[in-house]
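Let's take a walk through this protein, one piece at a time. Have the viewer open and follow along.

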Amino acid sequence: MAFPVAIIGATGYTGGELLRLLVHHPTARVVFVGSRSNHGQPISDFQPHVAGLIDLPLEPVDPDVIASRCRLAFLAVPRGAAMDLAGELVARDVKVIDLGTDFRFKDQAVYKQWYGLDHTRPDVLEEAVYGLTELFRQQVAQARVVGNPGCYPTATSLAIAPLAAAGKLKLDDVAVTAMSGVSGAGRDPKAMYHLPHATENVQPYGVASHRHTPEIEMVLSSFGKGSATVSFTPHLVPMSRGILSTCILTPSETVSAEEVQELYDSFYEGEPFVRVLPQDGPLPHTKAVLGSNRCDVAVRVDPRSGKVIALAAIDNLVKGAAGQAIQNMNVMMGWDETAGLRLPAVYP
Ligand SMILES: NC(=O)c1ccc[n+]([C@@H]2O[C@H](COP(=O)([O-])OP(=O)(O)OC[C@H]3O[C@@H](n4cnc5c(N)ncnc54)[C@H](OP(=O)(O)O)[C@@H]3O)[C@@H](O)[C@H]2O)c1
């Protein structure tokens, strides 16, 4: 029997990616697409890639209507827009996966400091689980509300986690340089994303202040042994999708390339969506994961500086958003974790 789901914010980029991926899902069916406007218009007017596959009309975001037809809702809306809606939905027995930031931080003071928002539903936040699936799978399996991770924190945390989990990372000395395609910013245009400015251009932004910094620190700190401090420098690069995160790490003791490779291989052994590349193989690059839910990870040791260099590539809209949200739904529902996500990347 089909499992009915809703997408709120279906006209946006991650909403469009949820639609694309859910076409392939063996059990979940999109039966409701919510929007603040354009009610009655077919979703394919905004998401042409699903025309003929999902031809639902946009509907107002009414929790009673959603609860009468759906058992789970993906909230693909900006920060601040998911708090009250999630509360209304869980009260009506609808599970929630929020792709935004509203349910990522247990510590409301951190959320207020970095996002300037007071949480309006601390009761729902209390039970929410941070959905970086590979790292918090057991908690996700029990959750009614999942705060799906950010795209940079997904790639960066997966690149660093094995060293941190082994207790071999100096948590207060983590430097990350990352690059993202323009879709990471959503569908609303701004000057820095405008083609004549963005093309043939690499733009650093949010230097020493990007909002994904505390999220990465939160994940790394969850491995115990102290709180993490991360220096995070993102860059916008002229491509539609993709994130490459390069992490310069100080190990707490001298490690060899063989040792870290073994650590990474065993940490991700059996993971369907994380591929650890070998020492003598290619390095992660965004085209190898484009359109797929895969995260490619590689690790190297620089014998001159003693640093460990960990790299990860993802598609920001898939493993960094919609794909991971579906992966979390699969875990929450006890389904095959890879259901609907066994798609190769689009290459070249
Ligand atoms: N883009 C990425 O790579 C990425 C990755 C990870 C996480 N995220 C997060 O996922 C969420 C969605 O991102 P996106 O890139 O899909 O954004 P987007 O392209 O801007 O789409 C968001 C959608 O939400 C709706 N919306 C906008 N403002 C709203 C408001 N104030 N209240 C309720 N609905 C509103 C709009 O739909 P209607 O106008 O039809 O209502 C819009 O199409 C964001 O929280 C973002 O931070 C994005």
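Before we start, a word on labels: helices and strands here are DSSP runs numbered from the N terminus, where a helix needs at least four residues and a strand at least two. With that naming in hand, P348 can be placed in the segment after α11. The peptide bond leading into P348 from Y347 is cis, with omega near 0°. Keep in mind throughout that this is a predicted model.

Now jump to the other end of the chain and find helix α1, residues 13-22. Is this helix enclosed or open? Eight of its ten residues are buried, so α1 is largely enclosed by the rest of the structure. The buried ones are T14, G15, G16, E17, L18, L19, L21 and L22. As for what does the covering, the list includes the strands β1 (3-8), β2 (28-34) and β4 (72-75), along with helix α11 (318-333).

Since α11 has come up, have a look at K319, which sits in that helix. Despite being a lysine, K319 is buried, with a relative accessible area of 0%. Leaving aside residues up to four places away in sequence, K319 touches T133, E134, T154, L158, S292, N293, R294, C295, I314, Q324 and Q327.

Next, the aromatic rings. There are seven aromatic pairs by the ring-centre rule. One of them is F3 with W335, an edge-to-face pair at 5.1 Å centre to centre with 85° between the planes. F3 belongs to strand β1 and W335 to the segment after α11, so this pair ties together parts that are 332 residues apart in sequence. F3 is buried at 5% relative accessible area, while W335 is partly exposed at 23%. Another edge-to-face pair is F267 with Y268, at 4.9 Å centre to centre and again 85° between the planes. Here F267 is partly exposed, with a relative accessible area of 30%, and Y268 is buried, with 4%. Elsewhere, ring pairs join F105, Y111 and Y115 into a cluster.

On to some empty space. The second largest pocket holds about 160 Å³. Where does it lie? Domain 1 (3-127) and domain 2 (152-315) both contribute residues to its lining, so the pocket lies between them. If you want to select the lining, pick F103, R104, K106, A128, V129, Y130, F136, Q139, M218, V219 and S222. Strand β6 (129-130) and the helices α6 (133-142) and α9 (213-221) each supply at least two of the lining residues. Sorted by class, the lining has seven nonpolar, two polar and two charged residues.

Finally, a couple of backbone oddities for anyone who likes to check a Ramachandran plot. E200 has a positive phi of about 55°, although it is not a glycine. You'll find E200 in the loop between α8 (195-198) and β9 (203-204), where it is exposed, with a relative accessible area of 76%. A208 also has a positive phi, about 60°, and is not a glycine either. This residue lies in the loop between β9 and α9, and A208 is exposed as well, with a relative accessible area of 71%.

Key
Residues are numbered from 1 along each chain as its sequence is written. This is a predicted model: local features need pLDDT of at least 70, side-chain atom pairs count only at pLDDT 80 or more; totals for chains, interfaces and linings use all residues. Side-chain values use heavy atoms; hydrogens and water are left out. Buried means under 20% relative accessible area, exposed over 50%, partly exposed in between (1.4 Å probe, protein chains only). Contact means heavy atoms within 4.5 Å. On a 1 Å grid over the protein atoms alone, a cavity is a set of points where a 1.4 Å probe fits but cannot get out, and a pocket is an open set with protein on both sides within 12 Å along at least five of seven lines; lining residues have an atom within 4 Å of a point. Grid points are joined across faces, edges and corners, and a volume is the space filled by probe spheres set on the points. Ala, Val, Leu, Ile, Met, Phe, Trp, Tyr, Cys and Pro count as nonpolar, Asp, Glu, Lys and Arg as charged, and the others, Gly among them, as polar. Domain bounds come from an automatic or database domain assignment. Rings of Phe, Tyr and Trp (its six-membered ring) pair if their centres lie within 6.5 Å; planes under 30 degrees apart count as stacked, over 60 as edge-to-face and the rest as tilted.
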